[in-house]
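Student: I'd like to go through this one with you, mostly how the chains meet. Can we put it on screen and take it step by step?

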Amino acid sequence: MTFHSDVYVATAPRDMRLMHRKSFAARIRDRRVSGWLFMLPLILINLFVVAIPSIFTLFFSFTDWSGVGDANFIGIDNYTKLFTDPEFTNALVHNIYWTVFFLIVPMTMGLFSAYALTRIRRFRVIFRVLYFIPHIVASVVNAAIWRSIMDPTAGFGSLLHLNFLGNPDTALGSVAFINNWAWWGFLVVVFLAAMRSISPALYEAASLDGAGPARQFFSVTLPGIRPTFVFLGLMTIIWSFLSFDYVYILTQGGPAGSTDVLSTLLYRNAFTNQESGYASATGVVLALISAIAVVTYLVIRRVKKWEI
Amino acid sequence: MSITSTALLTRATRLRRRTPPKGTDAGIFTCVSLTLLALFAIGPIILFFFNSVKTSNDYAASSLGLPKTWEWGNFLDAWIQGNIGAGLINSAVVVAGTAALTLVVSGCAAYALARLDIKGNRLFINYLLISSSLPTQMFLVPLFYMAVQARLYDTQIGLILIYVGLFSPFATLLLRSFMLTMPKELEEAARMDGANELGVLFRVVLPNALPGLLTVALVTALSAYNEFLFAVTFIQNSDLLPASTTFYSFQQGFTQNYPLVTAAGVIMIAPMLILFLFLQRRFISGLASSGLGG
């Protein structure tokens, strides 16, 4: 993908020679050239921060690089190792649990709240603000908030005699719960905006036909926001595989690997275990997963002819 | 739009042309659920605030109730011991730099993508979509060594450039979809009057896109202010730590005094909370109406 931007940077000056022509066609071309000039800052910064380091990672994934010193080419050994590594399987399974959780819990909360908000007359703005506030709280502070609420000696943990974050059976669910607290309000806001673009006449017609609120939701609302729904579903899958902050801050993958996800495993391999080559292979697999999700979305969008 | 809904629409317009009032009488179930969800969203923050004004003993007894005494001094102690002032100033520099640079970079690119029919437009948009959903771990390690080589490691300008690189693809997509909703006529008129592309961008497009730009600035500022992974990896100098890592290191060092750590957390979220409450309408509606693909 990155090579495309290279090509365009290279072609920009050649097109510039055409700039002195004054015909209508040249004016169009003018705009095409200036178009790439306008995009140059973005392309440059993207190359240096994202594209070039990503290519390095792809390269290192075929080496035994430790993070310092020389890197030796070892073919696809890192990739074959991934699929026999119990830590990788363990983390992958947790990512799948995580994805299922985030596809069900926040999506349901978001859809329900947004739909309920379209049906009330007053306080809609206040509710929307309240739901959104957790989303603007920094992850470090959010972690501190819930650590004190779940505290095993002073908080709910002591009331229920349960060490939420310290017990391997509940740790992953607790971290997902905490992350969701900061996440679902965002979905409410996006779903609400999409729902408000549905023509009120549709609801009116549905209610004239005797459809109740639940029926209206499934036959008017859901079809009306389908592009948003699919987009957020796919983004949820991507973000679920990349999720890092909350696991790292709250449990660092523990206890006993019970909350380890691919991104924390990768981080540990790269920075603690000095296995940068192996960690790079994990990164490439993660990138492939998100690429598949994005391409799926793009194909669906093209087939269904949705606007952006 | 499905066939049934189109049929419904035409039938409804035939029946009554007037737009009905937004919202209908909601049942008790709806109202109670919405209120409970609001409590779920806000309750933890209120508890957090209560904990920040407790004594250590009060906190140890319970982290869930009202404080027995209100120790307002906790905020001053946390401010001094946690070096919060310096953290906030460092964050202000990084956040302002990131937001300003992202606006320039993304504003120009979004204009080109929305209005100038360049070759490869579609492909580039897809690239931006993929690039903004790449795992950060995909480029973290090489980026670290590149930053060291470029002498940008452990500098604020380095962190700003990284943030611009991270946030600009999404900001560009957001601004582009915003610009697509703007009428083209004004721009065409300006072009007829002989304005060049730069003139059109700065005199016509950007002033009209101000709500979109403000949204992008807010979203970018929020992301930069709350960002943790890159801040903790790329800034080591304790004089340069932004608020998020200042709070994190304070927490690591003072784990025995929870109320003080909590007070520092309250101070850290306060600026964004206030900014959000003042600009919420623009913030939320801008972010949501940008469509996000919908």
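**Where the chains meet**

Tutor: Sure. Keep in mind that this is a predicted model. For a start, the number of salt bridges between chain A and chain B comes out as zero.

Student: How many residue pairs are in polar contact between chain A and chain B?

Tutor: Only pairs with both residues at pLDDT 80 or more go into this count. Between chain A and chain B that gives 10 residue pairs.

Student: Which helix of chain A gives the most to the side that touches chain B?

Tutor: Chain A brings 113 residues to the contact, and chain B brings 109. By class, the chain A side has 75 nonpolar, 22 polar and 16 charged residues. The top contributor there, with 24 residues, is helix 2 (residues 24-60).

Student: What area is buried between chain A and chain B?

Tutor: Interface size is often quoted as the accessible area lost when the parts come together. Here carbon and sulfur atoms give 73% of that area. The total is about 10,000 Å².

Student: Is N90(B) buried or exposed?

Tutor: N90(B) sits in helix 5 (residues 84-115) of chain B. Leaving out residues up to four places away in sequence, it touches Q156(B), D239(B), L240(B), L241(B) and P242(B). Its relative accessible area is 9%, which is under the 20% cut-off, so N90(B) counts as buried.

Student: How far apart are the end C-alpha atoms of residues 88-112 of chain B?

Tutor: An unreviewed UniProt entry annotates several spans of chain B as "transmembrane region", including residues 88-112. In the model that span is 100% helix and 0% strand. Its end C-alpha atoms are 35 Å apart.

Methods. Residues are numbered from 1 along each chain as its sequence is written. Chains are lettered from A and ligands numbered from 1 in the order in which they are written. This is a predicted model: local features need pLDDT of at least 70, side-chain atom pairs count only at pLDDT 80 or more; totals for chains, interfaces and linings use all residues. Side-chain values use heavy atoms; hydrogens and water are left out. Contact means heavy atoms within 4.5 Å. Buried area is the accessible area (1.4 Å probe) that two parts lose on being put together, summed over both. A salt bridge is a side-chain nitrogen of Lys or Arg within 4 Å of a carboxyl oxygen of Asp or Glu. A polar contact is a pair of N or O atoms within 3.5 Å; within protein, one must be able to donate a hydrogen and the other to accept it, and residues adjacent in sequence count only if both atoms are side-chain atoms. Helices (H or I, at least four residues) and strands (E, at least two) are DSSP runs, numbered from the N terminus. Ala, Val, Leu, Ile, Met, Phe, Trp, Tyr, Cys and Pro count as nonpolar, Asp, Glu, Lys and Arg as charged, and the others, Gly among them, as polar. Buried means under 20% relative accessible area, exposed over 50%, partly exposed in between (1.4 Å probe, protein chains only). UniProt positions are given in the numbering used here, feature names are shortened, and annotations may be inferred rather than shown by experiment.
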